[in-house]
Amino acid sequence: VTVPPLLALLASRTVPTAGAGPDEAARAVGSLSVRPALLPTTGPALLGLLDGDGSSATLAASTLVDTLAASEGVPDFFMQKAAPAVLVRTSAALASSDKAALELLPLCARLYRLVCVRSGTEDQGAVVAAVLSACEAVTGLTLVLCETVCQCRPEVSLPVDKVRTALLASALAPQDTALEGSDIAVCPLSACQAVGSLANKLPEADAAALVAQVCSLAGGVAPPPSGTPVLQAAALLLWTARGLVARGHPLASELLGDVCGSIASASKGPRELEWATAVSRRFGDLACDSELALSRANFAKVSMLYKQRVFLQTLPLLTEGYTGASSEVQSLYLCALAVLVPHVPHTAVLSESSRVLPLLIQALRLPSPPPGLTLAAVTSLLEFIPDAEPRDPPPADEAACTEIGKLLGQHLPSLVPALLSGSVCKGSLKTRCAAIECIRRLPHSVPYHKMFPHKNEVLNALLRPLDDNKRVVRKAAATCRNEWFLLCG
């Protein structure tokens, strides 16, 4: 009784004067398609929409993705009909430069990701082979290939040479500025993550060959060849290193040393400086979380405590390099450390707090910090300053203070002015909010007698963010001032 009227409305693609339209009908058909008994009836109707205009095809693809996400396993309909049909329609849109490709491509990628991650070893190999064949016929489908490769099990037999060639070409392809902000624009980063997934899952010898090819194309200690986009090359190098570290590959330590060595080479020339800047900005890729690749949900080889290992191996290299570097290169070391710390488990960061905290404070005090450094440094500082309820009292004295509180107390003369400067940072709402949050937490961690001398300085400085043009900043500043009034007398 329910299905025939919905299918008729779906096929009409006309909006009635009253009641639900075809979009609502598509969602209803999709929710019914979750039931295996109804899928043979409702599925062909959704596939019929793929042959329509761009909006119809997008609606059908979106409904199919939602239906598969709500289903259990991978019904044969999706493996044999739906996924290939969406891939063909997306290929046609890309080949004809149809604007619908901007919406169809990410939907096709997500559909194939769901199909691949839920399939067995043999089916995964067949899925990758089908997508690779489509990529060879139509450029622009690499995002779908990335999604499928990242979901494969280590034992899946892949055409490694073809997959590697396609992914490396996409990872280092010049970015189309016209597509910035779209899902297609993130394809180079997805390709970098897929290469890291290959480095993680291939046999050791094949992984070593992949690393050698990555270093020849994307650089290492030395910058990549002229004409290569340095930020994409840095992402490729760092995701490859992460894939090796996560599995415990013998080459992991050497590659991490090369990554840190690339920052040390910044003083050799303009190209080296550009390369070192890119590496420092992407340094967080070594430990950041990703839904696409290098997690146990994606069948990656993930050893225990690998993020801690990355941090503890790179921290001495970064601190030693910082000590003997020029001021310009020092800012790059600080940037690398600041973007890495938020992704490292809290206990590992606290164990090295005496080395990390002074460097983060120094990063806040730089007169001309690199882009994003101030936000990264303030975000990292939040890892050190425990959160507390507004009326939680401050530590009574040094004896009642934690080790972190004692360390923060030693650096208050430089920390407080740096955070107050961040609270009025122009052009970065997140930086202002994070800096104010750090200031709010300080009285709960540091003894009263150390905080009180800074009371007037803080209360007066917070008058400026009280006039900020963003309500969220004004609210944070008001809350912070109130707590300083309560806790500091």
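In the predicted model, Ser119 is buried, with a relative accessible area of 4%. This serine belongs to the loop that joins helix H6 (101-117) to helix H7 (121-137). Its side chain comes within 2.4 Å of the backbone oxygen of Val115. When residues up to four places away in sequence are set aside, Ser119 is in contact with Val74, Met79, Gln124 and Arg153.

The chain as a whole is built from 25 helices, with zero strands. Of its 489 residues, 54% are buried. Among contacts with a separation of 6 or more, 72% are made by residues 24 or more positions apart. The accessible surface of the protein chain amounts to about 20900 Å², and carbon and sulfur atoms contribute 56% of that area.

Helix H8, which spans residues 142-150, is mostly covered, with nine of its nine residues buried. The buried set consists of Thr142, Leu143, Val144, Leu145, Cys146, Glu147, Thr148, Val149 and Cys150. The cover over these residues includes H6 and H7, together with helix H9 (160-171) and helix H10 (187-201).

A second helix, H13, was examined in the same manner. Helix H13 (residues 252-264) contains 13 residues and extends 19 Å from its first C-alpha to its last, close to the 18 Å expected at 1.5 Å a residue. Its buried residues are Ala252, Leu255, Leu256, Val259, Cys260, Ser262 and Ile263. These residues lie on the same side of H13, because they cover an arc of only 145 degrees around the axis. Among the elements covering the buried residues of H13 are helix H11 (204-218), helix H12 (230-247), helix H14 (270-281), helix H15 (306-323) and helix H16 (327-340).

Cysteine pairing was considered next. The structure holds zero disulfides. Cys135 takes part in no disulfide, and the nearest cysteine sulfur, that of Cys146, is 8.2 Å away. Cys135 is nevertheless buried, at a relative accessible area of 15%. For Cys152, the closest cysteine sulfur is that of Cys116, at 4.1 Å. That distance is too far for a bond, because a disulfide requires the two sulfur atoms to be within 2.5 Å. Cys152 is also buried, with a relative accessible area of 2%.

Pro188 is located in helix H10. This proline has a relative accessible area of 9% and is therefore buried, the cut-off being under 20%. Pro188 and Ala233 are separated by 45 residues in sequence, while their C-alpha atoms are 9.6 Å apart in space.

The loop between H14 and H15 contains several residues of interest. Most residues other than glycine have a negative phi. Leu294, located in this loop, has a positive phi near 60 degrees and is a residue other than glycine. The relative accessibility of Leu294 is 4%, so this leucine counts as buried. Leu305 also lies in the loop between H14 and H15. Its phi is positive as well, at about 60 degrees, although Leu305 is not a glycine. In contrast to the buried Leu294, Leu305 is exposed, with a relative accessible area of 55%.

Lys301 is placed in the loop between H14 and H15 too. With a relative accessible area of 30%, Lys301 is partly exposed; this value falls in between the limits for buried residues, under 20%, and exposed residues, over 50%. Lys301 and Leu202 are 99 residues apart in sequence, yet the distance between their C-alpha atoms is 10.0 Å. The two residues are also in contact, since Leu202 is listed among the residues that Lys301 touches. Beyond residues up to four places away in sequence, Lys301 further touches Pro154, Asn200, Lys201, Ala246 and Arg247.

Methods: Residues numbered from 1 in each chain as written. Predicted model: local features only at pLDDT ≥ 70, side-chain atom pairs only at ≥ 80, totals over all residues. Heavy atoms only, no water. Helix = DSSP H or I, 4+ residues; strand = E, 2+ residues; numbered from the N terminus. Buried < 20%, exposed > 50% of the residue type's maximum accessible area, 1.4 Å probe, protein only. Polar contact = N/O pair within 3.5 Å; in protein donor to acceptor, adjacent residues only side chain to side chain. Contact = heavy atoms within 4.5 Å. Expected span 1.5 Å × (residues − 1). Arc of directions from axis to C-beta. Areas by Shrake-Rupley, 256 points an atom, 1.4 Å probe, with all protein chains shown as cover.
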